Structures are given as C-alpha cells and as structure tokens.
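The following exercises concern symmetry, nonpolar cores and pockets. Please examine the sequence and the structure, then work through each solution in order.

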There are 2 protein chains.
Amino acid sequence: MKTIPKIKTLRTELDTLRARGKSIGFVPTMGALHEGHLSLIRRCRKENDITVISIFVNPTQFGPGEDYKSYPRPQEKDLSLAREEDVDIVFVPTVKEMYPQPHRTSIDIKEITGQLCGKTRPGHFEGVATVVAKLFNIVSPQTAYFGQKDYQQTLVVRQLVKDLNLPLKIAVCPIIREKDGLAMSSRNKHLSPKHRREAAVLYQSLKSAKQKILTGERNVKKIIDFIRSTIKNKSSGEIDYVSCVNAADLKPLRKIEGKVLIAVAVGFGKARLIDNILVQTK
Amino acid sequence: MKTIPKIKTLRTELDTLRARGKSIGFVPTMGALHEGHLSLIRRCRKENDITVISIFVNPTQFGPGEDYKSYPRPQEKDLSLAREEDVDIVFVPTVKEMYPQPHRTSIDIKEITGQLCGKTRPGHFEGVATVVAKLFNIVSPQTAYFGQKDYQQTLVVRQLVKDLNLPLKIAVCPIIREKDGLAMSSRNKHLSPKHRREAAVLYQSLKSAKQKILTGERNVKKIIDFIRSTIKNKSSGEIDYVSCVNAADLKPLRKIEGKVLIAVAVGFGKARLIDNILVQTK
C-alpha cells in the first residue's frame, strides 16, 4: 500500500496504472474509518483493479463553531485498517496541498442544499461539492463510492457529476449499523455511554415510521410527529430536524407518495448524528 | 472534419483517439469565428495531434437584456472556416444537451470577478466558469486555448483549472487586430460604419497610455483620465469602464508598478466592445 501526500506524485502513479489498463475506484473519506467506510472499500476492491482512498478532513465543509478541530484523526489506525483491506493507494494531502492560496473557486448546487443538513450547516454542501470535484479531478476514477448515511450528500454528488459532466460513475452503498441499529459514524466516538445507549432511538423511530407508511399512513405531519415524540420520549437528544420529503429532490411532500426519504439529525452532547431511511410507496 | 452535436458521441470518438495515443487540443468558442479564433485554432493544430473546437453560444453567461438572442450564429460559415483550418472535430451541442433539466450546479470564482466586466455583467463569469468546466470535462484536452482579448476570462479560467485541479494546461494567445488596431470580435459586425471607424480609438488610447507608462508616468488617475478623454474626444462611444489594475489579481493600484493591465469596455450602439493591454514596469 502506498501512502501519498502530494497530488503530483499521486497523478504520476495513477497515470502509470491507467496506461497499464487498470481500472481505478475511489473512496473519499475524512478518515476515522469504521465499518461503513470498510464496506465502501470492499465494494470498490470487488469492482476495480485499483482502490484509492483519500483521508482528508476538509475544513471548507465545516462551519464556524462546528467540530473541525475536534473531528477524530486516528491516522495510524486508519492506515492500518486500509492496509488490512488491501487498499492500493491512500491519498493523505495537507490542507495546504488541497487549498494553495489564493483559492477562489467554489461550487454551488442549488435547490437540494437549502434544506435538511444544508439548512443547519450553511456552506457545508458548497464545501463538499468543491472538495469532491477537486478529488475527482485529481484521482480521475471510473467509479467513486459513497455511503447512503449521508443521503443528501449523495444527491449533491450525483448532481455535481451530472451537471459538470464529470466522467465517472457514483455508487451509493447501504448504511452500516451497530447491533442496536445506530448508524456507523466517526462522530459516534464522541458519545457518552448514556447518549450512546439513547442514540439507538434514531433508527428505531425511522424503522417504525417506515412500517407505518407501509401499512397505509399517508399523512406527513403524523409521521414527523411520531418520530419527534419517539425521540423525545426515549432520549435526551436535541432534535435538529425530522424531515419526510421527496427522495429525488428533497422537496416537501403534501402527502406521502412515490419514493420518500425520512431523515433525522439529532444532537447528543457535542455529537450531531444523522440517519435516514427510504420508503417506496405504491 | 466531424461535426458532433452529442456529448456521448464526442466522448466515444475522443476516447478512441486517446487510446491510439493522440494528444487533444481544444478551442472553446461561441462561433462567429474571426481571425482571433483562427489564430487559436492554428496554434492548437501546431501543438496537438487532434484539434477539437466547440461552437456553443452559452446562455448562462448572458445577463437579462444582453445580446444572447442577437449574438451572431453563422453556422455554415463557421463550419466552412473550421474545415479550411483542418479542425478535426467541431462540437456543436444544443442548449438542452449542455443543460438537461434540472441543472443545479454553478461555479463561482471570488475576488477576480467582481470588477471590470464582472461588475457590469453580474453572473457572467459564473456562467463562463461553469460552461468551461463542463466543456473541459467533456473534451478532456491536454491543452485549451483562449484569447487575451478576454483577459479577465483568462484569469478566471486559469483560476478554475488550478483550484479544481483540472488536469489540463491553459494557453493564452495574443489579441488579433484589424489594420486600424480594433481588436477582432464577433460583436464588431454589429457596428455601424461610423461606429466601426470610431472604435479604433480603443486601441489607440491603450497604446498611447502604455507609452506614457513606459516613459515614466506612474499616476493611475492620470492614465485613466487620459484614456477616458481620448475616447470621449474621438468617438461617440459610451464608456462602461476604463481600468488600470494589477494584472495578476485585478486589484486596484495606488500607483503604477509591477505588471499592469489597462482594460476598457465601451458601448457603440448595441455593441459593447472590450480591449486591453499589458504593461510591464520595472
């Protein structure tokens, strides 16, 4: 496994591999790798000759007061996990390598970034879209892999690729969960034992809401109220949002129909957790 | 020469050429080709195996009330000029091909787009940056060629390429002028005979201003006033701006030093003409 901090070195390496006809798959990460990331890496390995992952905690997608500084960076452990998964190349740029000054360009995706996480985190998806475009242009993979846990992010990335005619495919992989249903997240390690126990309520409430829809509930407000009261009753979490929207464009629903996304964001102490579930109605 | 309207067809064609080891050069245009464009095409031909040009009047870089509808589109003549220059591929997408709906992505370049043409034409450079990124991702050239007449645009495109790590080189070619010094432009054909005669004053005033700097003038206001009064005295043009700025970042200068850009935009009837000159001081 090669660990490469420089863009130029990485490109030379990848150009050589491409010239030898190797297909390249890419898993962009912010490190603090967990089973969710590993599932992306495994799928990438299965579908490509060469697996590249990036580990880069991207400052531009954190807002003021967010957890950029405290975001976990267990680099040694990450590299050893990557090695165990037979990753071929780990790209570990510095902030200066990714954003040499003056850096003046940013990518804005309209309509699908103003709600859910985009509402609470203004500028977040602009930071995501910009760094993802940069990484795609640096790695030039055939396919890039993302987790469905960041559902809105997957929509943003798909839109970016389509609108900027980026020559690659996006693969979205299922959410990987702990035994009690909590979605794997690098931020889970910030949870106190009490919050960790309580946090299971997110997925429990989503699953029950899905069940209600599948057995006929079509009232959006009832679904949202049900999830809100479940979370409030079973945890001390602070709800950021509970949303039930069109899964394709995140637009509000008058009634539940088509493909529906139910998404939640809840704060537990310093950790802000997100989760979601898709429901296909007929 | 192949004329290709579809992105997919173009990509397949270019992939085949690339696989055969051909280098690809690219000249993006809005058509209405003149000697300025032809000089870019000739340089591209000299430096690459394959020359691709695009002809696309990009709606997103025109503001409301600008000349998107009346912009000249002499397609047959353009294709015949391209054929004479031995262009290999002309990409002629429709608006729908370039902007399938919903199109939600735009690229913003800060700091160097708020002045000069960016001030008069809000949103213009966002449209330029976005369509150029799209075209670069569609064509994937080794080098793309731009004219220095659109000086601010060349800065924007260079910044875009650097910041988004686009894997190509930008080549900027000199302004091509009519005998009387008027910079070639597709918009010149909108000039009345009287305005056409008067329009030569743009370059005359720029050249004289450069001479003043080279012989010692260091006062920015004096240079600007000189150009303004020259244009006013010798033409009926309506001055949009006369600017004398740092050529690297378009920032205002307190005094003339370093590499300086003098740029003008003047309206003659319906035609808004731009021109510029670079001055290197010691």
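**Exercise 1.** Determine by what turn and shift chain A can be laid on chain B.

*Solution.* Superpose the copies by least squares on the C-alpha atoms of residues with pLDDT of at least 70 in both. A turn of 180° with a shift of 0.0 Å along the axis lays chain A on chain B, with an RMSD of 0.0 Å. The two copies are therefore related as by a two-fold rotation axis. Of the residues of chain A, A:Ile107 comes closest to this axis, at 2.3 Å (C-alpha).

This is a predicted model: local features need pLDDT of at least 70, side-chain atom pairs count only at pLDDT 80 or more, and totals for chains, interfaces and linings use all residues. Residues are numbered from 1 along each chain as its sequence is written, chains are lettered from A and ligands numbered from 1 in the order in which they are written, and side-chain values use heavy atoms, leaving out hydrogens and water.

**Exercise 2.** Identify the residues with the most contacts inside the largest nonpolar core.

*Solution.* Such a core is a set of buried Ala, Val, Leu, Ile, Met, Phe, Trp, Tyr and Cys residues joined through side-chain atoms within 4.5 Å; buried means under 20% relative accessible area (1.4 Å probe, protein chains only). The largest has 100 residues, and A:Phe136 and B:Phe136 have the most contacts inside it. Apart from it lies another core of 28 residues, including A:Val201 and A:Ile262.

**Exercise 3.** State which residues A:Phe136 touches.

*Solution.* Count contacts as heavy atoms within 4.5 Å. Leaving aside residues up to four places away in sequence, A:Phe136 touches, among others, A:Phe26, A:Pro141, A:Phe146 and A:Leu168.

Note on methods
Buried < 20%, exposed > 50% of the residue type's maximum accessible area, 1.4 Å probe, protein only.
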